Each structure stands twice: as structure tokens, then as C-alpha cells.
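Student: I am new to reading structures of this kind. Could we go through one together, starting with the ligand?

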Amino acid sequence: MAVPIVEMIDIQKHFGHIIALSGVSFSVMPGECHCLLGDNGAGKSTFIKTMAGVHAPTHGEMKVNGETAHFANPRDAMSAGIATVYQDLAVIPLMSVSRNFWMGREPERGVWPFRTIDFKMADRVAMQEMSHMGINLREPEQAVGTLSGGERQTVAIARAVYFGAKVLILDEPTSALGVRQTANVLATIDQVRKKGIGVVFITHNVRHAMAVGDRFTVLNRGKTLGTADRGKISADELQNLMAGGQELAQLESSLGGTV
Ligand SMILES: Nc1ncnc2c1ncn2[C@@H]1O[C@H](COP(=O)(O)OP(=O)(O)OP(=O)(O)O)[C@@H](O)[C@H]1O
Ligand SMILES: [Mg+2]
């Protein structure tokens, strides 16, 4: 049996009296896309922030490559290979694609004390990595603010992959995108998975999840309702689990149709 890159076991997270997570288990295998679904306020962001070292769990265990791990901060998680792309924090719009790609980690050239940033190489690598993800830039100096939403997500994803992510967490990467941009991001997720990286794809859109997911876990008010493999669960069943089943059935009967 393969060992998960990351395994979260019975994770609880309390914020004072608020119980955001009450016993969530979840794992990510190399090269899989594991979708985490749930309605607003279900606890998705809280859960992945625990995985990414932003929050310490109130209770529960976390393992990386089969060994118990404790992250004191996001930097610890990053050095264990867990990278997160948050919807809003992904990029700086006024800076170029290339500068956003490197974010202060630009390659240098020359011998100390004459070392300078190797802009040529930085630009070439950034262009090349973006093109591997299926996005061909006109020029590396293009400001990120002029890219489409999907392309911006791709800059952040390409950066995480280049810097050695083993697990890539994407928090609602498609929620603000139109149909074509969504398709681009889903294709990027597929590329990342093919490199053997584990992807955690958070969404509340069942169709987006079904398009790329290998496994699906549904969160509902801080609890998991189980994990299903691709092919073993239908879109309707997932949708129903997300809504909590009963509520959707009620809504359907009052609207006299299918929601
Ligand atoms: N720092 C915090 N302090 C107190 N309560 C919090 C904190 N962070 C999250 N919560 C609460 O935990 C619950 C889960 O929130 P979370 O943001 O994880 O949901 P979500 O599934 O990501 O929702 P959305 O789809 O809206 O992004 C909510 O009730 C929220 O108010
Ligand atoms: Mg959220």
C-alpha cells in the first residue's frame, strides 16, 4: 500500500465556543486530486489552514509521509512540501508575471560582491513554466493585473510547483471564474497531478469537482460525511451530501422539481 503524502486523522478545531471542525479525517496520495466539498461555512478553509500550518488543531493527528508532524507556522508546512494557493493572496497585480513567479527568490549571477539578479534567466524560466501549464505569455514583463483570473491562478500554481510542492492546496480556485477560465484551471490541475503532486481541490461546485477529482470528501458543519472514489458516487449524490440531504429534498418538493 502506498503511503499518503499527508494524512489528517480526526482533526478538531475550536475557536472559543465555536466548533469549526469536529473530527475530520482526510488524506492525499501522490498524483491524486482529492476534492474537498462543502457549503459556505462548512469548515473547508479552516481545515486546509490546519493542513497548511496556519492553525494548530485543537485535537487530532497529522502525518507527513507516514510520520507524525507538527507545524508551528505556514513556513514549516512549506518546507514539508505543502503549498497553498489562496484565492485572494495569490499574486501582486502591478508586478510582472516573472517577478510574481519568483517573489524575491530570483536566481542570481556573478561572484560576490557583484551578484545581481539574473533577469534573463528569471524571465526565461517563468515563461517556460507557464507554457508547461498551457499558458503562452506575450512577454514576461506583462503585469499580472492584465491577466485573466484563470491565468493568475496558473501563475501561483506554476510557482508552487517549480519550488517543489508535493501537495498543492487550492482554495476555491474556480469560484470567481467563467466557463473557459474554469476549464483552463481544471486542465492545470490535471497537469499538476500528472507530475505526481497531490492536489487538494476545494470547491462547492460539484461539476468542477467531478471533472478532475479522483476522490471526494464532503464536509458538512465541521464533520466529514465520508470519502468516495471516482465512479462510486454520482454528482447528484455529492450535491445531496453537501446540502445535508434532507434540506435539499425539502427544497425540491417545495419547488416541485430538481434543484
Ligand atoms: N478565526 C476564526 N475565529 C472564529 N470562527 C472562525 C474562524 N475561522 C472560521 N471560523 C468559523 O468556522 C466555521 C467554518 O468556516 P470556514 O471559513 O472554514 O468555512 P468554509 O467551508 O471555508 O466556507 P466558505 O465556502 O464560505 O469559504 C464558520 O462558522 C466560521 O465562522
Ligand atoms: Mg472558505
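Tutor: Start with the element that contributes most to the ligand's surroundings: H1 supplies 3 residues, the largest share of the shell around ligand 1. Keep in mind that this is a predicted model.

Student: Which elements give two or more residues to the shell around ligand 1?

Tutor: Helix H1 (44–51) and strand S2 (18–28) are those elements.

Student: Which residues surround ligand 1?

Tutor: Read the list in sequence order. Phe15, Ile18 and Ala20 are part of the shell, and so is the run Asp39, Asn40, Gly41, Ala42, Gly43, Lys44, Ser45 and Thr46. Glu172 completes the list. By residue class, the shell around ligand 1 has 4 nonpolar, 5 polar and 3 charged members.

Student: How do I read the polar contacts of the ligand?

Tutor: Look for pairs of N or O atoms within 3.5 Å. Three side chains can be read this way. In Lys44, a side-chain N or O atom is 2.7 Å from an oxygen atom of ligand 1. For Ser45 the distance from such a side-chain atom to an oxygen atom of ligand 1 is 2.9 Å, and for Thr46 it is 2.6 Å.

Student: How much of ligand 1 does the protein bury?

Tutor: Ligand 1 taken alone exposes 640 Å², and the protein buries 60% of that.

Student: Glu172 was on the list of surrounding residues. What is notable about the phi of Glu172?

Tutor: The general idea is that most residues other than glycine have a negative phi. Glu172 is not a glycine, yet its phi is positive, about 50°. Glu172 sits in the loop between strand S9 (167–171) and helix H6 (179–194). Asn65 also has a positive phi of about 50° and is not a glycine. The loop that holds Asn65 runs between strand S4 (59–64) and strand S5 (67–68).

Student: Now the helices. At what angle do the axes of H4 and H5 cross?

Tutor: To read a helix pair, take the angle between the axes and how close they come. For helix H4 (residues 119–132) and helix H5 (residues 149–162), the axes cross at roughly 110° and come within 9 Å. Angles of 65 to 115 degrees count as roughly perpendicular, and H4 and H5 are therefore roughly perpendicular to each other.

Student: Which residues of H4 and H5 meet?

Tutor: From H4 come Val125, Glu129 and Met130. On the H5 side they meet Glu151, Thr154, Val155, Ala158 and Tyr162. This contact of H4 with H5 divides into 5 nonpolar, 1 polar and 2 charged residues.

Conventions. Residues are numbered from 1 along each chain as its sequence is written. Chains are lettered from A and ligands numbered from 1 in the order in which they are written. This is a predicted model: local features need pLDDT of at least 70, side-chain atom pairs count only at pLDDT 80 or more; totals for chains, interfaces and linings use all residues. Side-chain values use heavy atoms; hydrogens and water are left out. A residue is near a molecule or strand if one of its heavy atoms lies within 4 Å of it. A polar contact is a pair of N or O atoms within 3.5 Å; within protein, one must be able to donate a hydrogen and the other to accept it, and residues adjacent in sequence count only if both atoms are side-chain atoms. Accessible areas come from the Shrake-Rupley method with a 1.4 Å probe; for residues, only the protein chains shown count as cover. Helices (H or I, at least four residues) and strands (E, at least two) are DSSP runs, numbered from the N terminus. Ala, Val, Leu, Ile, Met, Phe, Trp, Tyr, Cys and Pro count as nonpolar, Asp, Glu, Lys and Arg as charged, and the others, Gly among them, as polar. Axes are lines fitted to C-alpha atoms, for helices over the stretch in contact, and angles run from 0 to 180 degrees between N-to-C directions. Angles under 35 degrees count as roughly parallel, over 145 as roughly antiparallel, 65 to 115 as roughly perpendicular and the rest as oblique. Contact means heavy atoms within 4.5 Å.
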